[in-house]
Amino acid sequence: MAFGRIPRFSPSFSPSEAWICTKHLLGMGGDDDLVGEFERSFAEFIGAKHGVMVPSARYGLYLILEGLGIGEGDEVIVPGITYFAIPAMVELLGATPVFVDIGLNTHVLDVDEFERAITPNTKAVIPTHLFGTPCDMDAINAIAAEHSIQVIEDCAQSTGARYKGRRVGAIGDHAYYTFGLTKNITTLSGAMVTTDDDAVAQHIRDTIGRSGQASIKKAAKEAATGAAMFLATHPWLYWWTVHPAIVVGNALGKDPIHERFGEEERTYDEVPASYIENAQARNIQAAVGLKQLQRIEALNGSRMRNGRALDQGLAHVNGLGVPAYPEGAEPIYMSFVVHHPNRDALMSELRSHGVDTTTGYMSDLSDHPLFEAYKRSCPNATRAMQELLHIPVHPNLTKKQVQHLIESVRSATMATLG
Ligand SMILES: Cc1ncc(COP(=O)(O)O)c(C=O)c1O
């Protein structure tokens, strides 16, 4: 049964998005400033004054911090679990990343721990709406305001999510988003910063303006990868191509998808040359982004429907930790993350049900060799990384597949608890 083999992610491209890519790659895209149009439309969608396209979220963060004059001697609070490149950018500017614990099942910044970590040197906090779950922004903003701390929202996994009716990204002072092929909306590659701060926006615009344009070859490669991913995750092709590769890879102790799309964790001595030389987005990226923006509510809506069904179906499974959400958060379920004391056994049991899961790309950076100098006790982050597992929740899942997922997770949990 093809529907019973479920990939961990599946990109959503419409025929008109595929066509627009082809047109731009053939040089038939026209000369209009689509990047400017996408920046304005995106900022309006979020509810921010400025939107500026950047090559990656991490460089967006770097430019926000630089624009704010944050550097040597300053501290920036980041959650214990996040993407390695985030504290790496803080460090690159000479500032100190201060790791703060998360809620065990919300996976987002623990507000009390945030308050406790503040010192006279704290200049910014990066509430990270991880897995599509908005942080408790009212509490974070109130504490930040009391201590004159800049709030930089990490929306890399939460574009379009709402907190108390407002979109994340327009609740703090600044925000960054990323639109890679596996994100909830894509511009093939690329990212965005939004802010109401004229000076920060100008700093980013000026810096990007001094750079050259991203190469068309890179865009073509991303488009081809996107098309291949789209086809490979179609139920029929997936059944006899990717799924067997994963099973064989896993038997050899490898995760072929992680190896293909994952990035080696590292820190930086300088801003990568590719950002300095090719930071300006191309029209092809913006053209795809404009189309995807028109569909974002539908794409997020499907994730939310699937996520809520999983929330309900897995609510009372003995031994399984299910996600929790801060009050007022309206998650978009970029990931559906469960906890299990014997996570690896659950993962392999689910594979025998045809369900591909992943432990994801995040790390507990509070206790990580790359950030040894900033080590700080974050017990929930450490425990979460040992226990968590991403269950598929992407918008291409059918109702039948979601039901299959619920039944598979239930029976796999029972089997692994013995
Ligand atoms: C939470 C989070 N923050 C930041 C990033 C970095 O994004 P980029 O690769 O565009 O720099 C990612 C990447 O997926 C992420 O998941």
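**Core, domains and ligand shell of a predicted model**

User: Which residues touch the most other members of the largest nonpolar core?

Analyst: This is a predicted model, in which local features need pLDDT of at least 70, side-chain atom pairs count only at pLDDT 80 or more, and totals for chains, interfaces and linings use all residues. Residues are numbered from 1 along each chain as its sequence is written. A nonpolar core is a set of buried Ala, Val, Leu, Ile, Met, Phe, Trp, Tyr and Cys residues joined through C-beta atoms within 7 Å; buried requires 20 or more other C-beta atoms within 10 Å of a residue's own, with C-beta atoms placed from the backbone. Among the 115 residues of the largest such core, the most other members are touched by V54 and Y176.

User: Which helix gives the largest share of this core?

Analyst: Helices here are DSSP runs (H or I, at least four residues), as are strands (E, at least two), numbered from the N terminus. The largest share is seven residues, and these come from helix α3 (residues 57-67).

User: Where does this core lie with respect to domain 1 and domain 2?

Analyst: The domain bounds come from an automatic or database domain assignment. Domain 1 comprises 2-10 + 224-266 + 296-417, and domain 2 comprises 15-209. Because both domain 1 and domain 2 give residues to this core, its location is between them.

User: Which element gives the most to the side of domain 1 that touches domain 2?

Analyst: The centres of domain 1 and domain 2, taken over C-alpha atoms, are separated by 24 Å. Their contact (C-beta atoms, placed from the backbone, within 7 Å) takes 44 residues from domain 1 and 41 residues from domain 2. On the side of domain 1, elements giving two or more residues include α8 (216-232) and α13 (283-313). The most, six residues, is given by α15.

User: Which residues come nearest to the ligand?

Analyst: A residue is near the ligand if its C-beta atom, placed from the backbone, lies within 6 Å of it. At least two residues of the shell are supplied by each of α3 and α4 (85-92). Of the 14 residues around the ligand, those that come nearest are S56, A57, R58, A156 and T178.

User: Which residue of β6 is the bridge partner of A124?

Analyst: In strand β6 (residues 150-154), five of five residues are buried; Q150, I152 and D154 point one way, and V151 and E153 the other. Strands pair if DSSP finds at least two bridges between them. Strand β5 (residues 122-125) pairs with β6 in the parallel sense over two bridges. The bridge partner of A124 in β6 is Q150.

Technical notes. Buried ≥ 20, exposed ≤ 12 C-beta atoms within 10 Å, placed from the backbone. Contact = placed C-beta atoms within 7 Å.
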